Amino acid sequence: MKARSFLFQFAFAALSVSTTGAVHAQTVKIGLVTSTSGAGALLGEHMVKAAKLYMSKHDGSLPPNVKVELIVRDDGGPSPDKAKQLAQELIVSERVNFLTGFVWSPNAAAVAPLSTEAKIPTVLMNAGASANITLSPYFTRFSFGTSTAPYYLGAWAGKRYKTVYIAVADYGPGFDSESAFESGFKKNGPGKIVGRVHMPVTTTDFVPYLQHVKDTRPDALFVFVPTGRIGANLVKSFKDLGLDQAGIKLIGTGDISADEELPSMGKAALGIITVHHYSDAGDRPATKAFNASWAKAYGNDSIPSFAAIQAWDAMDAIYKAIIVQGGKVDPDKTMKILRNYKSDSSPRGPISIDPQTRDIRQNEYVREVKMVDGKLANVEIGIAGKQVLDPWVEANRK
């Protein structure tokens, strides 16, 4: 172990020496570690597609003789050891100037010590565990914190429903969502939580859990499950059991009605209320422009996920850091630029990075699934929180 540690330290020392001369190099390297296979593969694929789309449209804005090279590595899903290995190779062998990507929070957490030791600005495109942003001073996040949408949905629901049942996936983000929703709900109304259940992350049979909800008859059911087919299965079970006919409103984070999953859900999805930081149906010029570019590049049948938007914004911040420095990127100067990043032209609306926490501020939209021009869409019907920071991050400022 000591020998390995010494070799790694030696490699970092060599990198540090070479970096002094390399800051004048005209090729800026971005290492993108994500999941293009295994769990989370769709989100990972969308990160890569969005990054490449951004580059194709903005390479002309780079300083003269400066080029950007994107180096993609697949971590295969939630695998902290693999992600750490890939990041180490990118830092030591490829000598990247930036790290980015990371679908999974544990993978990003495993890379944090490397980012700190090598002073590599690391731009998180997903990795939403609230505490992740505190793990390295070289982390900045362009996605979300897992506490944000549930808290503001809870605050919205507290003013509208007297009784709510909570059903969440039985793992960290599920527990975070449960706690955040309950906190927002209780602070904003006299309502009661009348039941709760933790469901296995891999379950495909939601009937036993939803039957008890139906018997309890709350005004609303708050749900958090991972994005993808799991949410679609839950929505189908909700409809099949007749919970909607029993007068129970299905509410949750954007994961249960992800834009890219709506076509497979059918009319069962109609009426679902979610809070999320983005909707493909957003009535903003930047949203429409992004959708048009995505369709032209990847086909009309390809619907960009929220991960694509997060990757687009992350690349915009990276390019800004490169452009401001004339291509001669310095880690600490880069972090100063990233900490003060603002944009009014993101597809999700205005965003900024909080300088102290390095985490994102953004709108949390209330969305309802409706039929628009013959297609299901998450229509934004209000804003639950304007330019808000993750509540956990806010409470744990240092």
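Guide: Two residues are in contact when they have heavy atoms within 4.5 Å. The model discussed here is predicted.

Visitor: Which residues does Val103 touch, not counting residues up to four places away in sequence?

Guide: Val103 touches Thr34, Ser35, Gly40, Leu43, Gly44, Met47, Asn126 and Ala127. For one of these partners, Ser35, there is also a C-alpha separation: 6.4 Å from Val103, with the two positions 68 residues apart along the chain.

Visitor: Where does Val103 lie, and is Val103 buried or exposed?

Guide: The cut-off comes first: buried means under 20% relative accessible area. Val103 has a relative accessible area of 6%, so it is buried. Its place is the loop between β3 and α4, the latter spanning 105-118.

Visitor: How should a loop residue with another accessibility be read? Take Gln356: where is it, and what is its relative accessible area?

Guide: Gln356 sits in the loop between β12 and β13. Its relative accessible area is 45%, and therefore Gln356 counts as partly exposed. Leaving out residues up to four places away in sequence, Gln356 touches Arg397 and Lys398. The C-alpha atoms of Gln356 and Lys342 are 14 Å apart, with a sequence separation of 14 residues.

Visitor: What is the sign of phi in Arg358?

Guide: The general idea is that most residues other than glycine have a negative phi. Arg358 is not a glycine, yet its phi is positive, at about 65°. Arg358 lies in the loop between β12 (351-353) and β13 (360-372). With 12% relative accessibility, Arg358 is classed as buried.

Visitor: What is phi near in Arg95, and where is the residue placed?

Guide: Phi of Arg95 is near 55°, again a positive value in a residue other than glycine. Arg95 belongs to the loop between α3 (80-92) and β3 (98-101). Its relative accessible area of 45% makes it partly exposed.

Visitor: Now the helices. How many residues of helix α5 are buried?

Guide: For a helix, one counts the residues under the burial cut-off. In α5 (residues 148-158), 11 of the 11 residues are buried, so the helix is largely enclosed by the rest of the structure. Among them are Tyr151, Tyr152, Leu153 and Trp156.

Visitor: How is the pairing of α5 with α6 described, and at what angle do the axes cross?

Guide: A helix pair is read from the distance, angle and handedness of the axes. The axes of α5 and α6 (residues 172-187) come within 6 Å and cross at roughly 30°. The crossing is right-handed. On the α5 side the contact is made by Pro150, Tyr151, Leu153, Gly154, Ala155, Ala157 and Gly158. The α6 side contributes Ser177, Ala180, Phe181, Ser183, Gly184, Phe185 and Lys187. Sorted by class, this contact has eight nonpolar, five polar and one charged residues.

Visitor: Why do residues three or four places apart point the same way in an α-helix?

Guide: An α-helix has 3.6 residues a turn, so residues at that spacing point the same way. In the list for α6, Ser177, Ala180 and Ser183 are among the contact residues.

Visitor: What does a buried charged residue in a helix look like here? Which residues does Asp313 touch?

Guide: Asp313 is part of helix α11, residues 306-324. Its relative accessibility is 2%, so Asp313 counts as buried. Apart from residues up to four places away in sequence, Asp313 touches Phe142, Tyr341, Ser346, Pro347, Arg348 and Ile351.

Visitor: For contrast, is Gln211 buried or partly exposed?

Guide: Gln211, in helix α7 (residues 207-216), is partly exposed, at 31% relative accessible area. Between Gln211 and Asp344 the C-alpha distance is 45 Å, and the two are 133 residues apart in sequence.

Visitor: How many cavities of 30 Å³ or more does the structure hold?

Guide: There are three cavities of 30 Å³ or more, and the largest contains about 40 Å³ of space. The lining of the largest cavity consists of Gly254, Ser257, Ala258, Asp259, Glu260, His276, Tyr278, Phe306, Arg367 and Asn378. By class, that lining has three nonpolar, four polar and three charged residues.

How values were computed:
Residues are numbered from 1 along each chain as its sequence is written. This is a predicted model: local features need pLDDT of at least 70, side-chain atom pairs count only at pLDDT 80 or more; totals for chains, interfaces and linings use all residues. Side-chain values use heavy atoms; hydrogens and water are left out. Helices (H or I, at least four residues) and strands (E, at least two) are DSSP runs, numbered from the N terminus. Buried means under 20% relative accessible area, exposed over 50%, partly exposed in between (1.4 Å probe, protein chains only). Axes are lines fitted to C-alpha atoms, for helices over the stretch in contact, and angles run from 0 to 180 degrees between N-to-C directions. A crossing is left-handed if the near helix is turned anticlockwise from the far one by less than a right angle, and right-handed if clockwise. Ala, Val, Leu, Ile, Met, Phe, Trp, Tyr, Cys and Pro count as nonpolar, Asp, Glu, Lys and Arg as charged, and the others, Gly among them, as polar. On a 1 Å grid over the protein atoms alone, a cavity is a set of points where a 1.4 Å probe fits but cannot get out, and a pocket is an open set with protein on both sides within 12 Å along at least five of seven lines; lining residues have an atom within 4 Å of a point. Grid points are joined across faces, edges and corners, and a volume is the space filled by probe spheres set on the points.
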